[in-house]
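Hi,

Here's the structure I promised to pass along. Have a look when you get a minute, and my notes are underneath.

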Number of protein chains: 2
Amino acid sequence: MSDPLAPVLERLDQDAALAVARLCDLLRIPSVSTDPAFKPDCRRAAEWLAAELSAIGFDAAVRETPGHPMVVGHSRAHPEGAPRLLYYGHYDVQPADPIELWESPPFEPVVIEAERGPRVVGRGAVDDKGQVMTWLEALRAWHAVHGSYPARITVLLEGEEESGSPSLNGFLEANREELAADVCLISDTGMWDIDTPAITTSLRGMVYSEVTLHGPSRDLHSGMYGGAVPNPINVLARLIAQLHDEQGRIQIPGFYDGIAEPSAERLAQWRELGFDESAFLAEVGLKTPAGEAGRSALERLWSRPTCDVNGIHGGYTGKGAKTVIPAHATAKISCRLVPGQDPKTVEAGIRRFFEERAPADCRVELTVHSASPAIEVPDRSPELTAALRGLDRVFDKTPVLIGCGGSIPVAGAIRRLLGFDSLLIGFGLEDDRVHSPNEKFELRCLHNGARAHAAILAELGKPST
Amino acid sequence: MSDPLAPVLERLDQDAALAVARLCDLLRIPSVSTDPAFKPDCRRAAEWLAAELSAIGFDAAVRETPGHPMVVGHSRAHPEGAPRLLYYGHYDVQPADPIELWESPPFEPVVIEAERGPRVVGRGAVDDKGQVMTWLEALRAWHAVHGSYPARITVLLEGEEESGSPSLNGFLEANREELAADVCLISDTGMWDIDTPAITTSLRGMVYSEVTLHGPSRDLHSGMYGGAVPNPINVLARLIAQLHDEQGRIQIPGFYDGIAEPSAERLAQWRELGFDESAFLAEVGLKTPAGEAGRSALERLWSRPTCDVNGIHGGYTGKGAKTVIPAHATAKISCRLVPGQDPKTVEAGIRRFFEERAPADCRVELTVHSASPAIEVPDRSPELTAALRGLDRVFDKTPVLIGCGGSIPVAGAIRRLLGFDSLLIGFGLEDDRVHSPNEKFELRCLHNGARAHAAILAELGKPST
């Protein structure tokens, strides 16, 4: 039997320019899930993807949820009893602001030449539309060449990943049978570098909360009241400052409970990667290592929890001066979690932290936007081994196993609710400006990602796996 | 010779309803000086006032400055060699935001009945349009009755008081001769209570600054960078928290240099006022005294400096969640100054505070919007005594001498640049919601203020003064 992969790779090479055009079509839909103004655009993105899937041999449909819709597709043609694969991705994107820092409009994607070849720039270029297109293009090419798939494939595309996935768990539970598979494939993580593919086996979780501190019953004139009443901005700043001690350790009660240190083997693996912290910092204009004392940068990023304020506002923020003591001030605070931490404990700790420390006459209002645990994927499994083999076929450099500072909560939800693991194989780079202005995706990564997914599909589809 | 005041007071009583209508006309002009969008409205307010002055016996004109115009008027008819009085007020107002908390549109004034009689509600109702109208109505009535004034009167109306008075000093210096007087009258302060008139003899100054803390060169994904880079919001919060120690003392270097404690006599006077701190706090929904330890509330408000954050913003402040580590974060910080503090020293101290404490890789950008020293007016002067006599004639309760937590920088500028003192005689009340939504002025205060100004004018106009 001839190698089914070779003609698929050939097809991907021939089809590369059209693949870029298709990605740009998707990027033009401003599917910002967190802002209700973009609700119709989210649906439009879902419909676009369902149509694409229908065109490449899937029974696909837009499926309602209490929030933005899901897209689910099932391959029509595949060998009976073949391995079952679930591909997960999300079609929603982060808000584009601060909009004034974009060099081209965020939802009018452009392809520009840069030091490593052409790249596409636009919101969602990599997170997650570009990454979704790596496996969607692989599926398209496979179907074009073979007219069928080597595995029983289900596709699940979500529209609320960037706003805490409120409908995901309910949807997984309600469709357990339909979404059943041997393994899930997710491309929402990064490569080690542009030449070295990676599978992410350790991911931080997150608790994202919003704290509003209420003081006086109305905004006050700072001349008439200043010095004699609590100022909610000053109080909030004082509480935020107390979140970390001098050594960078987080002071939320119970925060470190249950944390498992990474195994010696994993730490050794990470050391071998030869991470260049100076280059990592220089890329974002920094020079001096920051964070928890006594830990390497990769440890801090991959195996230690964090607490960052992602947004703060209170009082007068327009031009010029206004001498107001505001009635309240608000901060958005996210904690990245590592294996062993219970999101419920962290959530309760955050509440206790603010309520216990708020001074008299200051009321704390706390909302939790999302909460998900960290994830560790087994270092050795038949699927992981097959995926590594696939990556090895299309890249010159040997694939590596890495951690990731970000969260892919869906992988935890799939393990918990559907009962199988995920393979996190992404093609983003560190400088892709995920969640920032001028987000981009290297076309080399898009293309190599599609080739890699074809090779992984070939490996996972083999009956022996 | 018959009492010239009696018919003027009678006229004011007859004219009271029209006085309210005139104030409402002025309140309808949204003369917000800090926001460039309202520039034409500021000019419109100046023109309105110049026309009013022209109608009551003044040579008045709108006068250009680098910013919003001034209005200057000189009385045409008065005895030769009569005392010279300068009336100062400002026609600009604070921004109306947060607009959603207004119960009626801020620039559509309404008169509503409340527990102490009718009140007018609108931005500028008391600060300073309503207060300006107290003396303008007194002048109007005097002119209507007598056809001339008992003093040589100059009126100066500013349009930039709420945005730091950038053009004031230059204007005073350029027009020293024209603005020369024996004393200045300013109504921009408060009564002790609705029945008890007050002259303010101690006022805090202010340094208003804006601090931006710059960290990474662009917004970062908190998952990919969190824990390994400095977060400008967390850093800014930490620095703000350090502004005060546990006892509420301000940690800016040199901040307390040169401060003179109030005299024993003044402190005794303040004690006699019987200030009710519980009621003061209850009015704004608070219960627990806050601020510098070991000081009474009136001491904290009238004789101690403060440091308040009036606005803060950074990162994502829209709805929902965005996991960003922002490139920068900004706070507007005002310090209220007391007699003895040098604004230049405080400004330099603020700069040093932030620059010395900012961690590696964080750059501090500091802008100072305004800086003015505190003011103490002599407790006994012929003009003060005459004004107290005037107040005594029209109020049942004996007038008191008080301090004020706010700033009236113009009084300092007039002392320094024109060489004479100011009498700060205002008719606002503590619950007038100055700078807040639903700002109001009791019509009783408007009317009694006009009667008081007529009586003070009669006293100050007596040749014996």
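To start you off: which residue of β5(B) does A114(B) stand opposite? The partner is G117(B). Bear in mind throughout that this is a predicted model.

That pair belongs to β4 and β5 of chain B, where five bridges join β4(B) to β5 (residues 117–121) and the two strands run antiparallel. They are part of an open sheet of three strands in chain B, ordered β4-β5-β18 with antiparallel pairing. At the edges sit β4 (110–114) and β18 (440–442) of chain B, each of which pairs on one side only. From one strand to the next, the twist averages 30 degrees.

Next, have a look at β13 of chain B, residues 328–337. Nine of its 10 residues are buried, meaning under 20% relative accessible area, so β13(B) is largely enclosed by the rest of the structure. Two strands to check against β13(B):

- β9 (residues 205–214) of chain B runs antiparallel to β13(B), with 10 bridges joining them. Here M206(B) stands opposite R336(B).
- β11 (residues 308–315) of chain B is also antiparallel to β13(B), through six bridges. In this pairing G314(B) faces A329(B) as its opposite residue.

Finally, the two chains. A turn of 180 degrees, plus a shift of 0.1 Å along the axis, lays chain A on chain B with an RMSD of 0.1 Å. The two copies are therefore related as by a two-fold rotation axis. Both copies use the same surface, too: 100% of the contact residues of chain A recur in chain B.

Cheers

Terms used: Residues numbered from 1 in each chain as written. Chains lettered and ligands numbered in written order. Predicted model: local features only at pLDDT ≥ 70, side-chain atom pairs only at ≥ 80, totals over all residues. Heavy atoms only, no water. Buried < 20%, exposed > 50% of the residue type's maximum accessible area, 1.4 Å probe, protein only. Helix = DSSP H or I, 4+ residues; strand = E, 2+ residues; numbered from the N terminus. Pairing = 2+ DSSP bridges. Least-squares fit on C-alpha atoms with pLDDT ≥ 70 in both. Contact = heavy atoms within 4.5 Å. Axes fitted to C-alpha atoms, helices over the stretch in contact; angles between N-to-C directions.
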